[in-house]
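Visitor: Please take me on a close tour of one strand in this structure and its neighbours. I am new to this, so explain the terms as you go.

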Amino acid sequence: GTRYNIWTNRYTASSSAWGTATLIENNDAGQADGAQIAVDANGNALAVWEQADGARNDIWANRYTASSNSWGAPSLIETNNSGQALQPQIATDANGNALALWSQHDGVRYKIWANRYTASSSSWSTPTHIEPDNLGHPSAPHIAIDTNGNAMALWRQTPDTTHYNIWASRYQAQ
């Protein structure tokens, strides 16, 4: 009634039934929006979304563990407080490792950022700026990841007032 929240519901194919809707974020400071989800080969999922904190939008994530049929606690996966963080995207490999991607303003212009989730340690790394061009505003990020954990990030960028260019960055798994 007063703001948007992020909810999930699990569909079980074997019983052709939906479960019970579950709230996966608990920050009442502002609106939550732009949710994206990725599911690994074992049925574990990671959800990302943007959420207002009263001053700006931040990027949050939460993990669903299939074996316990439960969501964890939401976690802030970006820590740059210089401007709005928007348009989160996420992709996961077969082992549950994931990459999240978003666009974030630095006080001057938007940049593309990424953060990696490692399933074996159940942890997020430090956010990394992956877009090297300081011309124009990048937007509309997308990400895909293969079964080995290699990923390709893609976004559009306006280096001038008349053109959109498509940029890409590749992540190679160790």
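Guide: Let's begin with strand β11 (residues 98-105), which runs antiparallel to β12 and is joined to β12 by eight bridges. Strands here are DSSP runs of E with at least two residues, while helices are H or I runs of at least four, all numbered from the N terminus. Two strands count as paired if DSSP finds at least two bridges between them. Please keep in mind that this is a predicted model, where local features need pLDDT of at least 70 and side-chain atom pairs count only at pLDDT 80 or more, while totals for chains, interfaces and linings use all residues. Residues are numbered from 1 along each chain as its sequence is written, and side-chain values use heavy atoms, with hydrogens and water left out.

Our main stop is strand β12, residues 110-118. Seven of the nine residues in β12 are buried, so this strand is mostly covered (buried means under 20% relative accessible area, exposed over 50%, and partly exposed in between, with a 1.4 Å probe and protein chains only). To find the partners, start at Ala98, whose bridge partner in β12 is Tyr117. Four residues lie between β11 and β12 in their hairpin, and there Gly107 has a positive phi near 100°.

Strand β12 has further partners. With β13 (residues 123-124) it runs antiparallel and shares two bridges, and in this pairing Tyr117 faces Trp124. So Tyr117 is a good residue to click on: it is the bridge partner of Ala98 and also stands opposite Trp124. The hairpin of β12 and β13 has four residues between the strands, and Ser122 in its turn shows a positive phi of about 50°. Strand β14 (residues 128-129) is likewise antiparallel to β12 and joined to β12 by two bridges. Here Trp113 of the pair stands opposite His129 in β14.

Now look for open space around this part. The second largest pocket holds about 200 Å³. Of its 16 lining residues, the closest to the centre are Leu99, Ala114, Thr128, Ile130 and Tyr171. A pocket is found on a 1 Å grid over the protein atoms alone, as an open set of points with protein on both sides within 12 Å along at least five of seven lines, and lining residues have an atom within 4 Å of a point. Its volume is the space filled by probe spheres set on the points, which are joined across faces, edges and corners. Strands β11, β12, β16 (151-157) and β17 (165-171) each give at least two residues to this lining. By class, the lining of the second largest pocket has nine nonpolar, five polar and two charged residues. In these classes Ala, Val, Leu, Ile, Met, Phe, Trp, Tyr, Cys and Pro are nonpolar, Asp, Glu, Lys and Arg are charged, and the others, Gly among them, are polar.

From β16 you can step on to β15 (residues 138-145), because six antiparallel bridges pair these two strands. Pro138 stands opposite Gln157 in β16. Their hairpin has five residues between the strands, and Gly149 takes a positive phi near 95° there.

For contrast, visit the largest pocket, with a volume of about 360 Å³. It has 17 lining residues, and Thr8, Asn9, Arg10, Tyr64 and Trp71 are the closest to its centre. β1, β2 (11-12), β5 and β8 (70-71) each supply at least two residues of this lining. The lining of the largest pocket contains seven nonpolar, nine polar and one charged residues.

Finally, some charged contacts. A salt bridge is a side-chain nitrogen of Lys or Arg within 4 Å of a carboxyl oxygen of Asp or Glu, and the count comes to five. One of them joins Glu25 and Arg3 at 3.6 Å, N to O. Glu25 sits in the loop between β4 (22-23) and β5 (32-39), and Arg3 in the segment before β1 (7-8), 22 residues apart. Both Glu25 and Arg3 are buried. Asp28 also meets Arg3 in a salt bridge, at 2.5 Å, N to O. Asp28 lies in the loop between β4 and β5, so this pair ties together parts 25 residues apart in sequence. Asp28 is exposed at 63% relative accessible area, whereas Arg3 counts as buried at 15%. Another bridge, at 4.0 Å, N to O, joins Arg56 and Asp53. Shared partners join Arg3, Glu25 and Asp28 into one network of salt bridges.

Terms used:
On a 1 Å grid over the protein atoms alone, a cavity is a set of points where a 1.4 Å probe fits but cannot get out, and a pocket is an open set with protein on both sides within 12 Å along at least five of seven lines; lining residues have an atom within 4 Å of a point.
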